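Subject: Structure for you to look at, with notes

Dear colleague,

I am handing over the structure we spoke about, and you will find it just below. My notes follow it, arranged by region so that you can read them beside the model.

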Amino acid sequence: MEKGKHQGTRPEMGTPEYEEWRKRMLARRRKRLQRERRKRLIAMGVALVLVIGGVSAGINSCKGKKTSVSRQDKISANAKTDSAKDTAASDGSAADSKTSDTAGGSATAKDILVQADILAQQYNYDEAIKLLKQDSSYSSNEKMQAAVKKYEETKATCTAWPLEKVTHVFYHILIKDTSKAFDGDYKEADYNQVMTTIDEFNKITQTMYDEGYVMVSIKDMAKADENGNMTEGEILLPPGKIPFVLSQDDVCYYHYMDGDGFATKLVVDDEGKIRNEYVEDDGSISVGDYDMVPLIDRFVEEHPDFSYRGAKGIIALTGYNGILGYRTDESYETRPADLDDNKVEWLNEHPDFSLEKEREDAKKVADAMKAEGWEFASHTWGHQNVGQISLEKLQADTEKFKKNVDPLIGGTDIIIFAFGTDITDAEDYSGDKFEYLKNQGYNYYCNVDSSQYFVQIRDRYFRQGRRNLDGYRMYYNPELLEDLFNAKDVFDPARPTPVPPMG
Ligand SMILES: [Zn+2]
């Protein structure tokens, strides 16, 4: 779990300097909000023009580079199933334009229009236009031609967002049952500081969406070539939209959290959707949306424009308790003499344990998540403090991650440091630890930083600071979150207060 660093420039609370600083922050925020309101008004004007133009609302369009093919394929597939009825509703006559191929198999014009609509809602106008234009009925289909015109118009309103002004927020596993997390045991303080409740998360997500925030991938912010050379990416958004990066740490469902009111694993349901399992008091298992991944998936089903070209968040994994709720680490099979007590206990309760089966199941979930736009990162195998450990220990830990986790997630070039630490305090990366990690294929690095923006795009790496949206931050530094949401409206009354200070 991370303990967020304080912003270096913030004076001590309660001092006159603090008051002055707070006023400055508030004034700055007020100005920014005014600017954004103006931008939104302009955007609304554009949307109005579009509606008058005769095409369904919510269609935006900008020019952009093609992103991950699998992401786009999945979006197109989603478009068919999830939004067919939306479009039918918003475009009542869509059925008329059916190319009616009763043999089945070939997509109807209506399907194509729905798919194009989703692509455009997710700011991928070029793909939407291409999809329509390559359809055999395009030359005779006025709806398709009108849609292309709209997408081209919206695309023309888009501008490249300054990459150094992309914020990155993160969570830990969300609390499903506050009465169990906050039950007065020795873990309560930790949960209260660094965890977020599902209610809080849903409020934050809705507020950020309402403010115009859109999830983007760090891979859209910077590109790595096959030699690990980095170049700036491009994020093209219409007025009123603000990109941000989302991540979640320790998505392993550790043994120590059992019985504390958290989901226990991620699963893929019969429809192919990602869900959670949760163990009820009587031992029965409920399946539902009890953590960030399925909650965001459901939110994007409702609001496709919350995702830039299908991007979701980054899921940071350690390996020592396995990943995603599956006990995939080899230690569960090899059972070394110094095996942790909670692993021994879990193995005793699961005499039918099969490492192969756990890995197979975890890989199935990871594959489904990648297809939905999720990315994976190393959080180090053993939740290491990379700032403090020796190079040798970092090497041994990285080898364990590459052996036990990489095969399940298809490898990763993103590393999100545990405890919010970093490999150096210096302005730029250099030295043994960086050279080692770079040599191991890591191109994207994230730490924890309470500044609104911390982005470095250098020749050999991308680095971004992340902001913890947790009990500690909401309670002690609500002013640091004002660009995102109002902490007072979000803070869960089920939390014991005061939130304990960091020890
Ligand atoms: Zn962590």
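To begin with one helix, what covers the buried residues of α17? Please keep in mind while looking that this is a predicted model. Helix α17 spans residues 432-439, and within it Lys433, Phe434, Tyr436, Leu437 and Lys438 are buried. The cover over these buried residues includes α15, together with the strands β13 (414-416) and β14 (444-448). Just after α17 comes glycine 441, which takes a positive phi of about 100°.

As for the chain in general, its secondary structure comes to 19 helices and 16 strands. Of its 503 residues, 56% count as buried. If one takes the contacts between residues at least 6 apart in sequence, 72% of them join residues that are at least 24 apart.

The metal site comes next. A zinc ion is coordinated by Asp250 through OD and by His379 and His383, each through NE2, at 2.1 to 2.2 Å. Along the chain, the donors of the zinc ion follow the spacing D-x128-H-x3-H. Aspartate 250 belongs to the loop between β7 (242-248) and β8 (265-268), while histidine 379 belongs to the loop between β12 (375-378) and α15 (391-404), so this pair ties together parts that are 129 residues apart in sequence. Both aspartate 250 and histidine 379 are buried.

The loop between β7 and β8 also holds methionine 257. Because its relative accessible area is 5%, and buried means under 20%, methionine 257 counts as buried. Its C-alpha atom is separated by 9.7 Å from that of isoleucine 173, although the two residues are 84 residues apart along the chain. Once neighbours within four places in sequence are left aside, methionine 257 is in contact with Ile173, Tyr191, Met195 and Phe262.

Valine 216 gives another example of this kind of long-range pairing, with serine 307 lying 91 residues away in sequence but 6.6 Å away in space, C-alpha to C-alpha. Valine 216 is found in the loop between β3 (213-215) and α10 (218-221), and its relative accessible area of 0% makes it buried. Apart from neighbours within four places in sequence, the residues in contact with valine 216 are Val166, Ile235, Pro243, Phe244, Val245, Tyr308, Ala311 and Lys312.

Two helices deserve a look as a pair. The axes of α4 (residues 109-121) and α6 (residues 142-157) come within 11 Å of each other and cross at roughly 5°, and α4 and α6 are therefore roughly parallel to each other. On the α4 side the contact is made by Ala109, Ile112, Leu113, Ala116, Asp117 and Ala120, and on the α6 side by Lys143, Met144, Ala147 and Tyr151. These residues of the contact divide into eight nonpolar, no polar and two charged.

Lastly, the cysteines. The count of disulfides comes to zero. Cysteine 252 counts as buried, at 0% relative accessibility, and cysteine 446 likewise counts as buried at 0%.

With best wishes

Definitions and conventions:
Residues are numbered from 1 along each chain as its sequence is written. This is a predicted model: local features need pLDDT of at least 70, side-chain atom pairs count only at pLDDT 80 or more; totals for chains, interfaces and linings use all residues. Side-chain values use heavy atoms; hydrogens and water are left out. Donors are N, O and S atoms within 2.8 Å of the metal (3.2 Å for Na, K and Ca); water is not among the atoms, so sites may look incomplete. Helices (H or I, at least four residues) and strands (E, at least two) are DSSP runs, numbered from the N terminus. Buried means under 20% relative accessible area, exposed over 50%, partly exposed in between (1.4 Å probe, protein chains only). A disulfide is a pair of cysteine sulfur atoms within 2.5 Å. Axes are lines fitted to C-alpha atoms, for helices over the stretch in contact, and angles run from 0 to 180 degrees between N-to-C directions. Angles under 35 degrees count as roughly parallel, over 145 as roughly antiparallel, 65 to 115 as roughly perpendicular and the rest as oblique. Contact means heavy atoms within 4.5 Å. Ala, Val, Leu, Ile, Met, Phe, Trp, Tyr, Cys and Pro count as nonpolar, Asp, Glu, Lys and Arg as charged, and the others, Gly among them, as polar.
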